[in-house]
Amino acid sequence: MTITNKIVTENLVLQYSDGTESLKDISMNIPVNSISVIFGPAGGGKSTYLRVLNRLNDLANVTTVSGKAHLYSESGDFIDILDPNLDVTALRRRVGMVFARPVVLPMSIRENLTYGLEIAGVRKRSLLHEAIERSLNQAALWEEVQDRLDDPAMELSGGQQQRLCIARSLALEPEVLLLDEPTSGLDPISTGKVEASLQELKKNYTIVLVPHSVQQAARAADYAAFFLQGKLIEYAPGNEMFTTPQVQQTADYIEGRFG
Amino acid sequence: MKSRSSAQRRNLTQQIGFIFLRLVAIIAVLPIIAIIVFIIYQGAPAISLEFIFGFPSDGMRSGGIWPAIVGTFFLTLICALVVSPLGIGAAIYLAEYAPDNRWTQSIRIAIINLAGIPSVVYGLFGLGLFVIFLNFGISILAGSLTLAIMTLPVIITTTEEALRAVPQSFRVVSRSVGATQWQTVRRIVLPQALPGILTGVILGLERAAGETAPILFTAAVFFLPRLPSSPMDPTMALPYHLYVISTQVPGMSPQIQYGTALVLLVFVLGMNLIATIIRSRARARRQW
């Protein structure tokens with residue numbers, strides 16, 4: 001059986017402990033093996049939505065999340081992401097996350113990549129090395145660092161660090177990759193490399209991207225969702241969204257009339 | 001012209017202020033230098049192999065201070081073995097796990113108050129609890145435990161600070177690749193905070209090594225003709241010995257008093273030096 005939607009969210013409402021609502025009744029499906037882009041002005045709930053999908057919101061002061069969020073596997077089975085009894089560790093291995101600011105751990109390049117695997121109990125050196133080479137290749141970083149895997153990761157340039165962060169997520173072979181403005185701190189060349197590797201990665205992974213600009217959204221999107229103040233305003237295939245938006249607010253935002 | 005003169009005046013004020021502040025900073029350093037120079041000048045002639053490795057003789061008026069050095073060493077060591085796991089554990093709980101509620105706040109207030117209790121009160125408490133109630137007698141163990149309680153707040157506070165200095169983003173990243181909170185603490189936070197923790201522990205122990213009042217009723221004795229052979233033995237100790245020979249022994253030669261003070265000073269400043277080296281090395285290697 002093949003599945004069309006990797007993640008299904010319905011009527012998702014998220015409220016912070018101070019009473020502000022960050023997500024208002026979000027219903028959208030994330031199609032498998034594609035790049036879904038979530039764009040819109042700051043404070044619209046984009047990051048919050050991403051953090052629901054791998055339960056990183058557990059670390060913030062979130063009081064209530066209601067609605068439905070299901071993660072499907074190839075077989076058609078699904079798990080309830082919001083289930084309080086869910087094994088969050090296992091979920092986070094299936095749903096990887098890359099943050100806006102590249103945060104490499106204060107260890108070597110190699111250790112950054114093997115950290116998650118070792119946590120998961122993988123000890124075999126050959127497996128670890130395989131994962132290192134594969135993930136670095138997928139993140140378009142292997143050529144640049146293959147000779148210095150034992151150097152401190154913090155000595156890499158910003159662009160390299162961000163690709164290392166992507167590789168670190170990929171080392172765990174997740175099914176879904178969440179990227180929260182992964183290129184916001186990068187120069188155009190590094191940004192180009194990251195975007196190109198995302199286009200490669202979508203063949204094997206489901207990608208949810210919060211872009212750092214409308215232009216990037218238009219370049220990367222197979223599907224695009226426009227978030228405004230916690231609401232999903234419009235959700236459509238990328239080529240339709242950026243040529244013929246159906247809602248006036250979306251059109252205004254894409255054309256730069258507000259933002 | 002008018003604006004220019006006011007600018008000149010401001011400039012002058014700034015310079016006077018600057019000179020004043022520099023003077024204050026120098027004054028703050030003077031007592032430390034004065035103490036060290038004075039103690040070395042007065043005490044150095046007393047230092048000899050016999051003084052360091054010998055036993056006191058002639059009612060303390062001659063001979064050495066070896067039992068006091070050994071005693072202070074073991075008091076500090078056992079104190080370290082007891083207080084480090086307790087203090088570091090408590091700090092990990094407070095920095096990494098404790099929710100911000102009334103219960104946590106009251107723990108914090110208790111720790112702050114613990115730090116403010118006069119050391120002689122700790123001594124009396126140790127006498128009541130360890131020496132009498134738990135029947136340890138006047139012993140190294142009772143003294144070390146008393147010192148441990150006194151050092152606890154220092155170590156908790158410095159360890160907590162060292163843990164909080166580790167960037168939050170490391171924790172979030174570690175959790176995002178599937179690590180549990182404890183795995184994150186053990187594999188990321190603790191190794192990064194370790195130099196800061198060690199510095200705090202050593203500084204806390206340094207205070208313990210130099211204190212007289214907490215061991216006055218719990219561990220220290222006037223004179224012991226042999227070295228302690230178990231933690232249940234009483235012991236001589238440097239600060240207490242210094243107190244005794246400065247106040248209780250008539251006709252004491254000032255040279256031996258200052259010699260003893262010098263040894264204690266070297267002991268404590270040596271620990272300080274180790275802490276400084278650990279800190280500066282870690283700072284040079286730290287990547288964040």
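**Exercise 1. Determine which residue stands opposite A224(A), and place strand β9 of chain A among its neighbours.**

Step 1. A224(A) stands opposite A236(A), which belongs to β10(A). The model in which this pairing appears is a predicted one.

Step 2. Strand β9 of chain A covers residues 223-228, and strand β10 of chain A covers residues 231-237. Six bridges join β9(A) and β10(A), and the two strands run antiparallel.

Step 3. The hairpin of β9(A) and β10(A) has two residues between the strands, and Q229(A) takes a positive phi near 45° in that hairpin.

Step 4. β9(A) is also joined by four bridges to strand β3 of chain A (residues 35-39), and this pair runs parallel. In that pairing I38(A) stands opposite A225(A).

Step 5. Burial completes the picture: five of the six residues of β9(A) are buried, so the strand is largely enclosed by the rest of the structure.

**Exercise 2. Describe how strand β7 of chain A is covered, and identify the strands that are joined to it.**

Step 1. Five of the five residues of β7(A) are buried, and the strand is mostly covered. The cut-off applied here is 20 or more other C-beta atoms within 10 Å.

Step 2. The two faces may be taken in turn. V176(A), L178(A) and D180(A) lie on one side and L177(A) and L179(A) on the other, and all are buried. Both faces of β7(A) are therefore covered, given that a residue is buried when it meets the stated C-beta count.

Step 3. Strand β6 of chain A (residues 95-98) is joined to β7(A) by four bridges, in parallel. Here V98(A) stands opposite L179(A).

Step 4. Strand β8 of chain A (residues 206-210) is joined to β7(A) by five bridges, again in parallel. L179(A) stands opposite L209(A) in β8(A).

**Exercise 3. State where E181(A) and N135(B) are found, and whether each is exposed or partly exposed.**

Step 1. The sign of phi is the starting point. Most residues other than glycine have a negative phi.

Step 2. E181(A) is not a glycine, yet has a positive phi of about 45°. Its place is in the loop between β7 (176-180) and α7 (188-201) of chain A. With 18 other C-beta atoms within 10 Å, E181(A) is partly exposed.

Step 3. N135(B), also a residue other than glycine, has a positive phi near 60°. N135(B) is found in the loop between α5 (119-133) and α6 (140-164) of chain B. It has 8 C-beta neighbours inside 10 Å and counts as exposed.

**Exercise 4. Describe the surroundings of I79(A).**

Step 1. I79(A) has its place in strand β5 of chain A, residues 78-80.

Step 2. Not counting residues up to four places away in sequence, I79(A) touches H70(A), L71(A) and L86(A).

Step 3. The C-alpha atom of I79(A) is separated by 9.1 Å from that of L91(A), 12 residues apart along the chain.

Step 4. I79(A) has 16 other C-beta atoms within 10 Å and is partly exposed.

**Exercise 5. Assess whether chain B is spread out or a compact globule, and examine its helix α4.**

Step 1. Chain B has 11 helices and two strands. From the N terminus on, its elements run α-α-β-β-α-α-α-α-α-α-α-α-α.

Step 2. The globule rule gives 19 Å for 288 residues, whereas the radius of gyration of chain B is 24 Å, well over that value, so chain B is more spread out than a compact globule.

Step 3. The C-alpha trace of chain B spans about 75 × 65 × 35 Å along its principal axes. Of its 288 residues, 38% count as buried.

Step 4. Helix α4 of chain B (residues 102-116) has 15 residues, which at 1.5 Å a residue should span 21 Å; its end C-alpha atoms are 21 Å apart, in agreement. The number of buried residues in α4(B) is zero, so this helix lies largely in the open.

Step 5. As to confidence, the mean pLDDT of chain B is 89, and 99% of its residues reach 70 or more.

**Exercise 6. Characterise the side of chain A that touches chain B.**

Step 1. In this contact, 18 residues of chain A meet 15 residues of chain B.

Step 2. The elements of chain A giving two or more residues to this side are α2 (88-94) and α3 (109-119).

Step 3. By class, this side of chain A has 12 nonpolar, three polar and three charged residues.

Step 4. The model scores ipTM 0.83 and pTM 0.81.

Methods
Residues are numbered from 1 along each chain as its sequence is written. Chains are lettered from A and ligands numbered from 1 in the order in which they are written. This is a predicted model: local features need pLDDT of at least 70, side-chain atom pairs count only at pLDDT 80 or more; totals for chains, interfaces and linings use all residues. Two residues are in contact if their C-beta atoms, placed from the backbone, lie within 7 Å. Ala, Val, Leu, Ile, Met, Phe, Trp, Tyr, Cys and Pro count as nonpolar, Asp, Glu, Lys and Arg as charged, and the others, Gly among them, as polar. The radius of gyration is taken over C-alpha atoms; the globule rule is 2.2 Å times the number of residues to the power 0.38. A residue is buried if 20 or more other C-beta atoms lie within 10 Å of its own, exposed if 12 or fewer, and partly exposed in between; C-beta atoms are placed from the backbone. Two strands pair if DSSP finds at least two bridges between them. The expected span of a helix is 1.5 Å times one less than its number of residues. pLDDT is the predictor's confidence in each residue, from 0 to 100.
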